[in-house]
Amino acid sequence: MIRRFQTDDLEDVMLIWLNANIEAHHFVDPGFWRNSFDTVKAMIPQAEVYVSYEDGINGFVGIIDNYIAGIFVASPVRASGIGSQLLDCAKKTQQNLCLRVYKQNTAAVSFYLNRGFRIDTEQIDLQTSEIEYTMTWNRSKGGASDADSVHGVR
C-alpha cells in the first residue's frame, strides 16, 4: 500500500535512505551520505513524501514541486515492484517530473528510461564530483497509463 508520509515514519525512512544510498552508490564515499543525514532528515517533512507500507515501511519517494528528490527501497524488497509503484504515485500527482541520477548508477538510469524518462543533460555533481544526468518525464509525451495504475494513495 502507498500512503502519505506521517511524522512517525521519519526514523524508518531515514534508515532506508542511508542504506539505499550507500548500497546504490558504491562509487561515492559512504561518509558523504552519513554527513548529509541530518540535513536530509530536516528536509523530509518539508517534501511531499509517499511511503510503501506492508508490515512496516519498505520504501518511499520524495517530491519537491515536480522534482523527484529520490526513490528509495529497502534492500530486502528491492526489485519487487515497489520502486515502480512509488514512481507511478509520483506520476499521478504531477504532469511533468524531473530528477538527477548518477551516470554510474546504471540500474537507476535503466529504471527511469524504461518508465518513460529521457536524459536531458549531463553535468558534474559538485558535491561528489560524479557525473549525473538530469532526466525528465512528461505526461503528454506518453506514460499516462503508468500513473493511472496507482491505487490506495492518500
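The buried residues of helix 4 (residues 106–113) pack against strand 4 (67–73), helix 3 (82–93), strand 5, strand 6 (118–125) and strand 7 (130–138), where contact denotes heavy atoms within 4.5 Å, and helices (H or I, at least four residues) and strands (E, at least two) are DSSP runs numbered from the N terminus. The model is a predicted one, in which local features require a pLDDT of at least 70 and side-chain atom pairs count only at pLDDT 80 or more, whereas totals for chains, interfaces and linings use all residues. Residues are numbered from 1 along each chain as its sequence is written, and side-chain values use heavy atoms, with hydrogens and water left out.

Within helix 4, Ala 108, Val 109, Phe 111 and Tyr 112 are buried, a term that means under 20% relative accessible area, as opposed to exposed at over 50% and partly exposed in between (1.4 Å probe, protein chains only). Seen down the axis of helix 4, these buried residues fall within an arc of 160 degrees and so line one face of the helix, the arc being that of the directions from the helix axis to the C-beta atoms. The face turned away from the buried side of helix 4 carries the exposed residues Thr 106 and Ala 107.

In helix 2 (residues 30–43), the 14 residues should span 20 Å at 1.5 Å a residue, which agrees with the 20 Å between its end C-alpha atoms; the expected span is 1.5 Å times one less than the number of residues. Helix 2 nevertheless has a kink of about 45 degrees centred on Phe 37, the bend at a residue being the angle between axes fitted to the seven residues ending there and the seven starting there. The buried residues of helix 2, namely Gly 31, Trp 33, Ser 36, Phe 37 and Val 40, pack against helix 1 and strand 5 (96–102).

A search of the whole structure finds 7 aromatic pairs, for which rings of Phe, Tyr and Trp (its six-membered ring) must have centres within 6.5 Å, with planes under 30 degrees apart counted as stacked, over 60 as edge-to-face and the rest as tilted. Among them, Trp 17 and Trp 33 form an edge-to-face pair, at 6.0 Å centre to centre and 80 degrees between the planes. This pair links distant parts of the chain, with Trp 17 in helix 1 and Trp 33 in helix 2, 16 residues apart, and both Trp 17 and Trp 33 are buried.
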